Amino acid sequence: MARIKHIAIRTHDVAKTAAFCKEAFDLEQVGAGKNGIYLTDGHLNIAVLNFRPLVEGETMKLGVDHIGFQVDDLDAAVARVKDVGGKALNERNQVDPSDPSKAQSYFEVKCVGPEDQIIDVSSAGWVGAK
């Protein structure tokens, strides 16, 4: 079974939104992303991401933008997504989580569900999520 490990929030002001989440809910900052800041409650990762121009095939909205699943077998999970009507938007990214203070990507394949839901799939997982 896949595990929900990552929820992404899009905002125009990453620092302000991250500060709000840390102060209001005692979340801990655990890393930097290429487009934002990663926070955690110790179980689930929240990515506070910059609202940016669209990437082909991907929708984008302010607020909750996408969800990420950690899986044991990435290839099998992506094949299953395709079998049930979804598609992959990219070839597999090589992910090597290292120093969380350095900007990096954690998802390996970005997928789209049947009604354009964006889903990150990773076997490596996300910083701060257990």
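Contact here means heavy atoms within 4.5 Å. With that in hand, here are the close-ups, all taken from a predicted model.

**View 1. The whole chain, with 2 helices and 8 strands.**
Walk along the sequence and you get the pattern β-α-β-β-β-β-α-β-β-β. Take the contacts between residues at least 6 apart in sequence: 59% of them join residues at least 24 apart. Of the 130 residues in the protein chain, 41% are buried. The chain exposes about 7,400 Å², and carbon and sulfur atoms supply 53% of that area.

**View 2. The open sheet of 8 strands.**
Across the sheet, the order is β2-β3-β4-β1-β5-β8-β7-β6, and the pairing is mixed. At the edges sit β2 (28-32) and β6 (87-88), each of which pairs on one side only. As a reminder for reading this view, strands of a sheet pair through backbone hydrogen bonds, either parallel or antiparallel. The next few views pick out examples of each sense.

**View 3. Strand β1 beside strand β4, a parallel pair.**
Strand β1 covers residues 3-11 and strand β4 covers residues 45-50; 6 bridges link the two in the parallel sense. If you want a landmark, look for I7, which stands opposite I46 in β4.

**View 4. The hairpin of β3 and β4.**
Here the pairing is antiparallel, with 5 bridges between strand β3 (residues 36-40) and β4. Y38 is a handy place to start, as it stands opposite A47 in β4. There are 4 residues between the two strands, and G42 in the turn has a positive phi of about 100 degrees.

**View 5. The hairpin of β2 and β3.**
This hairpin has 3 residues between its strands. β2 and β3 run antiparallel, paired over 4 bridges, and E28 has T40 in β3 as its bridge partner. How many residues of β3 are buried? The count is 5 of the 5, so β3 is largely enclosed by the rest of the structure.

**View 6. T17 in helix α1 and its neighbours.**
Helix α1 spans residues 14-25, and T17 is one of its residues. The side chain of T17 meets the side chain of T11 in a polar contact of 2.8 Å. Leaving aside residues up to four places away in sequence, T17 touches T11 and V48.

**View 7. F20 and F25, an aromatic pair.**
A search of the whole structure turns up 1 aromatic pair. F20 and F25 form an aromatic pair with edge-to-face geometry, 6.2 Å centre to centre and 85 degrees between the planes. Are these rings' residues buried or exposed? F20 has a relative accessible area of 52%, so it counts as exposed, the cut-off being over 50%. F25 is exposed too, at 54% relative accessibility.

**View 8. H66 in strand β5 and its surroundings.**
Strand β5 runs over residues 63-70 and includes H66. With a relative accessible area of 5%, H66 falls under the 20% cut-off and therefore counts as buried. Which side chain makes a polar contact with that of H66? The partner is D120, at 2.9 Å. Beyond residues up to four places away in sequence, H66 touches H6, I7, A8, R10, L49, K110, I118 and D120. I7, one of those neighbours, is also the residue opposite I46 in the parallel pair of View 3.

**View 9. Strands β7 and β8, an antiparallel pair.**
Strand β7 (residues 109-112) and strand β8 (residues 118-122) pair over 4 bridges. To get your bearings, find V109, which stands opposite V121 in β8. Two contacts of H66 turn up again in this view: K110 and I118.

**View 10. Two buried cysteines, C21 and C111.**
A disulfide is a covalent bond between the sulfur atoms of two cysteines. How many disulfides does the structure hold? The number is 0. C21 is buried, with a relative accessible area of 9%. C111 is buried as well, at 0% relative accessibility.

Key:
Residues are numbered from 1 along each chain as its sequence is written. This is a predicted model: local features need pLDDT of at least 70, side-chain atom pairs count only at pLDDT 80 or more; totals for chains, interfaces and linings use all residues. Side-chain values use heavy atoms; hydrogens and water are left out. A polar contact is a pair of N or O atoms within 3.5 Å; within protein, one must be able to donate a hydrogen and the other to accept it, and residues adjacent in sequence count only if both atoms are side-chain atoms. Two strands pair if DSSP finds at least two bridges between them. Rings of Phe, Tyr and Trp (its six-membered ring) pair if their centres lie within 6.5 Å; planes under 30 degrees apart count as stacked, over 60 as edge-to-face and the rest as tilted. Buried means under 20% relative accessible area, exposed over 50%, partly exposed in between (1.4 Å probe, protein chains only). Accessible areas come from the Shrake-Rupley method with a 1.4 Å probe; for residues, only the protein chains shown count as cover. A disulfide is a pair of cysteine sulfur atoms within 2.5 Å.
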